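Q: I would like to practise reading a protein model feature by feature. Could you walk me through one?

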Amino acid sequence: MESVPGGRVMTAEQIDAYLHQYFLDGYKYQISNSYIFDWECDFFAVAKSGYTYEVEIKVSRSDFFADFNKEEKHRALAWEGDRYVKRTYIAPEVSDRVMEKLKSDKFHYPPQSRIKIKPIEDVRPNKFVFAVPEGLVTEDEVPDYAGLMYIKPSRGRYIRSHECEYVKQPPALHKKKPDFTKRLLKKFYWYYRNNRELPKTKSQVGIEKQQEYAR
């Protein structure tokens, strides 16, 4: 893990805790490490207004720059237009002109190509932010479609709002407000189910008894 100016080191878990505190007032849903879109979101929040925020947590410069190797993710974030053309495979003969036509004509599919067209609100959040320890990366290293937030180590018992500071405000990637309630409800259910102690089934009890007799 790389240190930041001043020698202070923060973990991704610490930054996640800071984000859960920062995105508390004015927000109705928060979730960490979940697949909301076609990639895993480090942190995702839905504001009471309906706007969605995705925060990508980075604690080293190498990890920050490596994130841009996720080409489909950053292609979706940088996409211009209301309809996203996802490429699972594009035939070599498909030209840029045809790709532009796909944005406006959903029934036009190039031969031998596998294309998915989705509303832009289904493939990315309203706002996308990088959250890093203070000074880890600079504003000019962040792409135009993303914001930058510095996380400062708390000096007291509670996390204060000024310890999560926007260095660069994230632009609005779109202004639509899809309802994520059903999608998140399913994820919250499985998180609850996987993290609670469920009653043992008869087969589990039987296996445990057999193991005890074998000792």
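A: Gladly! This is a predicted model. Let's begin in a loop: proline 171 lies between strand 8 and helix 5 (181-194).

Q: Is proline 171 buried, exposed or partly exposed, and what is its relative accessibility?

A: The middle class runs from 20% to 50% relative accessible area. Proline 171 has a relative accessibility of 27%, so it counts as partly exposed.

Q: Which residues does proline 171 touch, leaving out those up to four places away in sequence?

A: Its contacts are Asn126, Lys127, Asp144, Tyr145, Ala146 and Gly147. Take lysine 127 as an example: 44 residues separate it from proline 171 in sequence, while their C-alpha atoms are 6.3 Å apart in space.

Q: Where is glutamate 121, and which residues does it touch beyond four places in sequence?

A: Glutamate 121 sits in another loop, the one between strand 5 (114-119) and strand 6. Its partners at that sequence separation are Phe37, His174, Lys176, Pro178 and Phe180.

Q: Why is glutamate 121 classed as buried?

A: The cut-off for buried is under 20% relative accessible area. Glutamate 121 has 15%, and therefore it is buried.

Q: Now the sheet. In what order do its strands come, and how are they paired?

A: For a sheet, follow the neighbours from one edge to the other. Here 6 strands make an open sheet with the order 1-2-3-6-7-8 and mixed pairing. Strands 1 and 8 are the edges; each has a single partner strand, so one side of each lacks a neighbour in the sheet. On average, neighbouring strands are turned by 30 degrees against each other, direction ignored.

Q: What does the pairing of strand 1 with strand 2 look like?

A: These two run antiparallel and are joined by 7 bridges. They form a hairpin, with 4 residues between them. To see one opposing pair, find serine 34, which faces cysteine 41 in strand 2.

Q: And how do strand 6 and strand 7 run, parallel or antiparallel?

A: Strand 6 and strand 7 are parallel, with 5 bridges joining them. Valine 129 has glycine 147 of strand 7 as its bridge partner. You have met Gly147 already, among the contacts of proline 171.

Q: Which residues of helix 1 are buried?

A: In helix 1 (residues 12-22), the buried residues are Ile15, Asp16, Tyr18 and Leu19. Their arc around the axis is only 160 degrees, which means they lie on the same side of helix 1.

Q: What covers those buried residues of helix 1?

A: The cover includes strand 1 (27-35), strand 2 (40-47), strand 3 (52-57), strand 6 (127-133), strand 7 (147-151) and strand 8 (164-168).

Definitions and conventions:
Residues are numbered from 1 along each chain as its sequence is written. This is a predicted model: local features need pLDDT of at least 70, side-chain atom pairs count only at pLDDT 80 or more; totals for chains, interfaces and linings use all residues. Side-chain values use heavy atoms; hydrogens and water are left out. Buried means under 20% relative accessible area, exposed over 50%, partly exposed in between (1.4 Å probe, protein chains only). The arc is that of the directions from the helix axis to the C-beta atoms. Contact means heavy atoms within 4.5 Å. Two strands pair if DSSP finds at least two bridges between them. Axes are lines fitted to C-alpha atoms, for helices over the stretch in contact, and angles run from 0 to 180 degrees between N-to-C directions.
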